[in-house]
Amino acid sequence: MVVEKIESTLALVKPDAFDNTENIITIIKRNGFVISERQVVTLSKERAAQFYEEHKERSFYDDLTTFMSSGPTLALVLRKADAITSWRQLMGPTNSDKARKEAPDSIRAKFGTDGSKNATHGSDSPQSAAREIAFFFPEYQHSSEFNGQDVREY
Ligand code: RTP
Ligand code: MG
């Protein structure tokens, strides 16, 4: 018997795409993800800086944290087999202008603005997913602790 390992990943709908939340959720569900947590939050500049701490030496860090604290963000935990890679694939390239050329069906192509305001975020590894899920949902129980049946679904 093949047992698929269900993964959890953190997705954000960033402030530039917040008005498109319902469209993005429709795409997420159509692609087989289960939304097991959701929360709307407006990040302070400090909290945005903490979330994107890995980029603190980068030239775009100040612009990024200003943007991320400019309005509401929707935080989601998405679950399915291979969720981390699968969600990044669905988002498309980091730069929304590049996404429109290379992956026109992607979420960043459809809803993003440019190279920094790019509609969505997705964790890039199991370690990032664990840290980022805990950042927004400190009580979250990871999939390995579940048989899948107790998970809430939005
Ligand atoms: P994310 O972390 O938001 O899912 O995006 P990513 O992995 O595709 O890209 P990453 O390299 O982690 O960059 C984080 C976010 O910083 C902004 N950015 N701006 N102006 C620029 O050159 C630039 N480069 C990156 C984007 O909002 C990117 O998603
Ligand atoms: Mg990243």
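**Exercise 1. Work out whether Asp82 is buried, partly exposed or exposed, and say where in the chain it sits.**

Start with the neighbour count: Asp82 has 13 other C-beta atoms within 10 Å. A buried residue needs 20 or more, and an exposed one has 12 or fewer. Asp82 is therefore partly exposed. Keep in mind that this is a predicted model.

Next, place the residue. Asp82 belongs to the loop between β3 and α4 (83-91).

Finally, look at the backbone. Asp82 has a phi near 60 degrees, which is positive even though the residue isn't a glycine.

**Exercise 2. Do the same for Ala119: where does it lie, and is it buried or exposed?**

Ala119 is in the loop between α6 (107-111) and β4. Its phi is about 75 degrees, again a positive value outside glycine.

Now count: 25 other C-beta atoms lie within 10 Å of Ala119, so it is buried. Set that beside Asp82, which is partly exposed.

**Exercise 3. Sketch the strand pairing, beginning from β1.**

Step one is the parts list. The chain holds seven helices and four strands, and along the sequence they follow the order β-α-β-α-α-β-α-α-α-β-α.

Step two is β1, residues 6-13. Seven of its eight residues are buried, so call it mostly covered.

Step three is to find the partners of β1:

- With β3 (residues 73-81), β1 runs antiparallel and shares eight bridges.
- With β4 (residues 120-122), β1 also runs antiparallel, joined by three bridges.

Step four is to pin down the register. Val13 faces Leu74 in β3 and Thr120 in β4. Ala11 has Leu76 of β3 as its bridge partner.

Step five adds the remaining strand. β2 (residues 34-41) pairs with β3, antiparallel, over seven bridges, and Val41 has Thr73 as its bridge partner in β3. Put the pairings in a row and you can draw β2 beside β3, β3 beside β1, and β1 beside β4.

**Exercise 4. Which residues surround ligand 1, and what is known about His121?**

List the shell before anything else: His55, Phe60, Leu64, Thr94, Gly115, Ser116, Asn118, His121, Gly122 and Asp124. By class, that makes two nonpolar, seven polar and one charged.

Now zoom in on His121. An unreviewed UniProt entry marks it as "active site". His121 is part of strand β4. It counts as buried because it has 22 C-beta neighbours inside 10 Å. Leaving out residues up to four places away in sequence, His121 touches Ala11, Leu12 and Lys14.

**Exercise 5. Take Arg88 and Arg108 from the UniProt "binding site" annotation and contrast their surroundings.**

The annotation, from an unreviewed entry, covers Lys14, Phe60, Arg88, Thr94, Arg108 and Asn118. Phe60, Thr94 and Asn118 are also among the residues around ligand 1.

Arg88 first. It lies in helix α4. With 19 C-beta neighbours inside 10 Å, it counts as partly exposed, because the cut-off for buried is 20. Setting aside residues up to four places away in sequence, Arg88 touches Gly122 and Asp124, both of which also appear in the shell of ligand 1.

Then Arg108, in helix α6. Its 24 other C-beta atoms within 10 Å make it buried. With the sequence neighbours up to four places away left out, it touches Met91, Gly92, Pro93, Ser96, Ala99, Asn118, Ala119 and Thr120. You've met Ala119 already, as a buried loop residue.

**Exercise 6. Use the overall numbers: what radius of gyration would a compact globule of 154 residues have, and what does this chain have?**

A compact globule with 154 residues would come out near 15 Å; the chain has 15 Å, so the two agree. The C-alpha trace spans about 45 × 35 × 25 Å along its principal axes.

Next, look at burial: 31% of the 154 residues are buried.

Then check the contacts. Counting those with a separation of 6 or more, 69% link residues 24 or more positions apart.

Last, a pair to check on your own screen. Arg100, in helix α5 (residues 96-102), is partly exposed, given its 16 C-beta neighbours inside 10 Å. Arg100 and Leu76 are 24 residues apart in sequence, and their C-alpha atoms are 24 Å apart in space.

Note on methods:
Residues numbered from 1 in each chain as written. Chains lettered and ligands numbered in written order. Predicted model: local features only at pLDDT ≥ 70, side-chain atom pairs only at ≥ 80, totals over all residues. Helix = DSSP H or I, 4+ residues; strand = E, 2+ residues; numbered from the N terminus. Pairing = 2+ DSSP bridges. Rg over C-alpha atoms; globule rule 2.2 N^0.38 Å. Contact = placed C-beta atoms within 7 Å. Near = placed C-beta within 6 Å. Nonpolar A, V, L, I, M, F, W, Y, C, P; charged D, E, K, R; others polar. UniProt positions renumbered as here; feature names shortened; annotations may be inferred.
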